[in-house]
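Visitor: I should like to look closely at one surface residue and what surrounds it. Please then relate that spot to other parts of the chain.

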Amino acid sequence: MAFYSMSQFRERVGISREALRFYESRGLITPQRKEGSNYRVYSDMDGLGVLRIKIMQSFRLSLDQIRERSKEISLAEQDAYLTQVEMHMEEQLRHVQNELARIRKNHSFVRDAMGAQGEVCELDTYGIYKLMLLGEGVQRDIHMEKTVSQWLSHMPMCDVGWHISRERLEAAGDEPIPTQIGLMMLPRYVDEYNVSIAPPVFFFPPGHSIRMMLGLENPFAITRAQAQPLFDYARQHGYRMVSEISGRYSGYACENGVPRYYFSMRVHVQ
């Protein structure tokens, strides 16, 4: 079996002097002494030991755990441990995938907000559960605090929603109409996260809608003039509005000291 000086050994296995000395201090490798001197010499078996340590560290084992497992361990015990590592890492992977999905979802909202303000489009929209929290006319419920906390834990799969009385806005003159802001969640996420949908949560049904984006300094009030492109589009295309006006928070920006909140607004039409 070949033997190597410390510098030769370090070069072969790619390890720093400090790490090598640390492994020795923990009893993970035990180099021999060169005959007639106190110089350490390292064998190929020591090299295999270093590589094995690196493998085990990649399994999230501490050096103390590696030392204990080096004394006596069966293949069955290794199998059981690696099963646990796999399960833990799969859970971490699911968490990262969920986080990435949330980031992508929020990114899509910001890009929506960057679109042309007041430009109306048509789309078929999903039904959505809504829980209003802020604004005029919101009724507090004894169970609301617990429900809100549960919903907030799943943002942005749980979104910030907007609610406006279509009838009040249609009948309004120049005076602003109050809006409500709260939370909303698609049915598939309600099912996935098993969140509460008991009152005061309500369901805004699916349907064919017209929608536009608005940037507002005060999203808690809106005038008929701000919503006029939506009404004009419905009239020009022979549509009848058949639902309340719903919306979704898409982003925030502050330019020249002026804050602006971006909300989409949609209404079902026939």
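Visitor: What is the relative accessible area of F3, and does this residue count as buried or exposed, or as something in between?

Guide: F3 has a relative accessible area of 40% and is partly exposed; buried means under 20%, exposed over 50%, and partly exposed in between, with a 1.4 Å probe and protein chains only. The model is a predicted one, in which local features need pLDDT of at least 70 and side-chain atom pairs count only at pLDDT 80 or more, while totals for chains, interfaces and linings use all residues. Residues are numbered from 1 along each chain as its sequence is written, and side-chain values use heavy atoms, leaving out hydrogens and water.

F3 belongs to strand β1, which spans residues 3–4 (helices, H or I of at least four residues, and strands, E of at least two, are DSSP runs numbered from the N terminus). On the surface, F3 joins M1, M45, L48 and L51 in a nonpolar patch whose accessible area together is about 550 Å² (Shrake-Rupley method, 1.4 Å probe, with only the protein chains shown as cover for residues). Patch members have over 30% relative accessible area and no salt bridge, with nonpolar side chains (Val, Leu, Ile, Met, Phe, Trp, Tyr) joined within 5 Å and like charges within 9 Å; a salt bridge is a side-chain nitrogen of Lys or Arg within 4 Å of a carboxyl oxygen of Asp or Glu. Helix α3, residues 44–58, provides the largest share of the patch, 3 residues.

Elsewhere, the loops can be set beside this spot. In the loop between α8 and β9 (202–204) lies P200, and the peptide bond leading to P200 from P199 is cis, with omega near 15 degrees. That loop between α8 and β9 also holds N194, a residue that is not a glycine and yet has a positive phi of about 55 degrees. N194 counts as exposed because its relative accessibility is 63%.

The loop between β12 and β13 contains N256. Here too phi is positive, near 55 degrees, in a residue other than glycine, and N256 is exposed, with a relative accessible area of 83%.

A further cis peptide bond runs from M155 to P156, with omega near 0 degrees. P156 sits in the loop that connects α6 (144–152) with β6 (158–164).
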